[in-house]
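Dear colleague,

I am passing this structure on to you, and my notes on what I found in it follow directly below. Please read them with the model open beside you.

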Amino acid sequence: MLPIQFLKYWVGGKSAICANSETCPVRLKYGIDPATRYAANVILRGVYDLKTDAEIQTEGLGEIHKWEFPPAVTKPIISWKRARKQEPGGDNGCDWRIEVTGKEKLTRYSPTPLDITPFTEDEKKKIESDAYDLERLHKPVPEAEIESKLFDNKPSASAPVASKTATNNKAAFSSDAPPF
């Protein structure tokens, strides 16, 4: 399964997802282009220090996490899928090591495919029962509301709770990368 793709604005610490950048009032009025982003269900298999390769996080290992990331992460995964003719998050998918360096706008991602790693029976059960409903969680803000969501001076409302809901997506990405 490929991650879902969406368009997202960030303005003054607030964010909003738009349905169509060509007709979005924020882009038309302010000249701000939304960023292309992706979201996927991943199974965290490890988090390692880049310098020492020592495992630095054990909390949440083996659990499903919802990650959002830029095209720099997705492009190599899509290339792997096309070359292998396999789903990256399917039965013959592989783990990915994603090196993250830099901060904020200077953050760089280097995805590297690792060994083919089929899901265990326990992981398959978690995928069936615990996968996040990515479409619901990344639903676009209606065009009539997006400008006020990003530009009003009121404190932003809390983000929707990322509840886990079984979906039609029966596979998830496997990765040993930290959330980004």
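The second largest pocket is lined by Trp10, Ala35, Thr36, Arg37, Pro70, Pro71, Glu104, Lys105, Thr107, Arg108 and Tyr109, and its volume comes to about 330 Å³ in what is, I should say at once, a predicted model. Two elements, β3 (35–44) and β8 (108–116), each give two or more residues to this lining, and β3 provides the largest share, with three residues. By character, the lining residues of this pocket divide into five nonpolar, four charged and two polar.

One of these lining residues, Glu104, deserves a separate word, since its phi is near 50°, a positive value in a residue other than glycine. Glu104 sits in the loop between β7 and β8, and it is classed as exposed because its relative accessible area, 76%, is over the 50% cut-off.

A positive phi, here of about 55°, is also found at Lys85, which is not a glycine either. Lys85 belongs to the loop that runs between α2 (71–84) and β7 (94–101), and with a relative accessibility of 69% it also passes the 50% cut-off, so it counts as exposed.

Asp152 is a further position that I looked at, and it is located in the loop between α5 (143–151) and β9 (173–175). Its relative accessibility of 30% falls between the cut-offs of 20% and 50%, and therefore Asp152 counts as partly exposed. When residues up to four places away in sequence are set aside, Asp152 touches Lys14 and Glu147; Lys14 lies 138 residues away from Asp152 along the chain, and the C-alpha atoms of the two are separated by 10.0 Å.

Finally, a word on confidence. The chain has an average pLDDT of 81, and 83% of the residues score at least 70. Among the elements of the chain, strand β2 (residues 14–18) has the highest mean pLDDT, 96, whereas β9 has the lowest, 36. Over residues 155–180 the pLDDT is below 50, although this stretch has 88 contacts in the model beyond near neighbours in sequence. Where pLDDT is low, the predicted coordinates should not be read in detail.

With best regards

Methods
Residues numbered from 1 in each chain as written. Predicted model: local features only at pLDDT ≥ 70, side-chain atom pairs only at ≥ 80, totals over all residues. Heavy atoms only, no water. Helix = DSSP H or I, 4+ residues; strand = E, 2+ residues; numbered from the N terminus. Buried < 20%, exposed > 50% of the residue type's maximum accessible area, 1.4 Å probe, protein only. Contact = heavy atoms within 4.5 Å. pLDDT = per-residue confidence, 0-100. 1 Å grid on protein atoms, 1.4 Å probe; cavity = no way out; pocket = protein on both sides within 12 Å on 5 of 7 lines; lining within 4 Å. Points joined across faces, edges and corners; volume = space filled by probe spheres on them. Nonpolar A, V, L, I, M, F, W, Y, C, P; charged D, E, K, R; others polar.
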